[in-house]
Amino acid sequence: MLTLAKFIRNMLQRWFHDRYRATQTMRHQLTDAAHLVLLKRVEKCGFFTVNPVDWNIFSVKRSGKQWTVDLAQKTCTCNKFQIDHFPCSHALAVARERNLDLTTLCSDYYKRQTLIDAYSVPIMMVGDPSTWVVPSDIVQRVILNPNSRRQAGRPRAGRYVSSSERTTTQSCRRCGQPEHNSRRCSNPPMINEGPSRGVPDEYRGKCSICHSIGHNKQTCQNIDSNRE
């Protein structure tokens, strides 16, 4: 557990440092990812026709379709504005019509300053245990191991199968018995005198001369005919 805690602390310390350092190279009010999305949506603004209804509500039209944008409530009938808290292309067309700053329509979650505040607090190192200042009541406290009992019997060899998994019965190629394979088999090999129950024919021994099931090359009756 201590090794896992140290690994998580080192990882968070590295992440906070790298992300805070990345914010120092950003040149816009928005983060770099949000700024790119904003530019892509601004490119579509020139194809819309904006008609004012009042000071805050506007009608945006294009190719027979119409949307209603409310700048005061920051909503649009396309629902992207209120769901993402980020202006859609219709709201950006209205903002450009009124010469507004486009970043004022964006939520604070997309702004660079919010990202700086999130990673401004560093993850400090724990230090050597000899330098720790531990209160006396914590030092005198004795922590015992949890009360647990070992289950009776041998430990389970395999894992528990999930209910969504398909269960199959494994059969040994050597003896034909289920629930083990040929490597772990301690039973005598099966005699291929007839079809074995539960074992497919492709898993049963075949003659190397005539490729039939039930005998081998030493007892093959067709050895002379195959040689001729």
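The legends below describe close-up views of one predicted protein model.

**General notes.** Residue numbers start from 1 along each chain as its sequence is written, and side-chain values rest on heavy atoms, with hydrogens and water left out. Because the model is predicted, local features require pLDDT of at least 70 and side-chain atom pairs count only at pLDDT 80 or more, whereas totals for chains, interfaces and linings use all residues.

**Figure 1. Overview of the protein chain and its order of elements.** The protein chain holds seven helices and four strands. These elements are DSSP runs numbered from the N terminus, with helices being H or I runs of at least four residues and strands E runs of at least two. Read from the N terminus, the order is α-α-β-β-β-β-α-α-α-α-α. Of the 228 residues in the protein chain, 22% are buried. Here buried denotes a relative accessible area under 20%, exposed one over 50%, and partly exposed a value in between (1.4 Å probe, protein chains only). The protein chain exposes about 18600 Å², of which carbon and sulfur atoms supply 51%; accessible areas come from the Shrake-Rupley method with a 1.4 Å probe, and for residues only the protein chains shown count as cover. Among contacts (heavy atoms within 4.5 Å) with a separation of 6 or more, 36% join residues 24 or more positions apart.

**Figure 2. Helix α1 and its two sides.** Helix α1 comprises residues 2-23, 22 residues in all. From its first C-alpha to its last, α1 reaches 32 Å, close to the 32 Å expected at 1.5 Å a residue; the expected span is 1.5 Å times one less than the number of residues. Arg9, Met11 and Thr23 are the buried residues in α1. They lie on the same side of α1 because they cover an arc of only 165 degrees around the axis, the arc being that of the directions from the helix axis to the C-beta atoms. Leu2, Thr3, Lys6, Phe7 and Arg21 are exposed on the other side of α1. The buried residues of α1 pack against α5, which spans residues 112-118.

**Figure 3. Arg21 of helix α1 and Tyr119.** Arg21 belongs to helix α1 and counts as exposed, at 58% relative accessibility. Arg21 and Tyr119 are separated by 98 residues in sequence, yet they stand 9.2 Å apart in space, C-alpha to C-alpha.

**Figure 4. Helix α2 and its packing against α3 and α4.** Helix α2 covers residues 32-42, and its buried residues are Ala34, His35, Leu38, Arg41 and Val42. Since these residues cover an arc of only 125 degrees around the axis, they fall on the same side of α2. On the other side of α2, the exposed residues are Ala33, Leu36 and Lys40. The packing partners of the buried residues of α2 are α3 (80-84) and α4.

**Figure 5. The mostly covered helix α4.** Seven of the nine residues of α4 are buried. The buried residues are Ser89, His90, Ala91, Leu92, Ala93, Val94 and Ala95. They pack against two helices, α2 and α3, and against the strands β1 (49-52), β2 (57-62), β3 (65-70) and β4 (75-76). Just after α4, Asn99 adopts a positive phi of about 60 degrees.

**Figure 6. Surroundings of Ser89 in helix α4.** Ser89 lies in helix α4, which runs over residues 89-97. With a relative accessible area of 12%, Ser89 is buried. Not counting residues up to four places away in sequence, Ser89 touches Arg41, Lys44, Cys45 and Phe48. One of these partners, Arg41, is also among the buried residues of α2.

**Figure 7. Thr103 in the loop between α4 and α5.** Thr103 has a relative accessible area of 13% and is therefore buried. Its side chain makes a polar contact with the side chain of Gln29 at 3.2 Å. A polar contact is a pair of N or O atoms within 3.5 Å; within protein, one atom must be able to donate a hydrogen and the other to accept it, and residues adjacent in sequence count only if both atoms are side-chain atoms. Leaving aside neighbours within four places in sequence, Thr103 is in contact with Gln29, Leu30 and Lys111.

**Figure 8. The salt bridge between Lys111 and Asp108.** A salt bridge requires a side-chain nitrogen of Lys or Arg within 4 Å of a carboxyl oxygen of Asp or Glu, and by this rule the count is one. The side chains of Lys111 and Asp108 meet in it at 3.3 Å, N to O. Lys111 counts as partly exposed, at 22% relative accessibility, and Asp108 likewise counts as partly exposed, at 48%.
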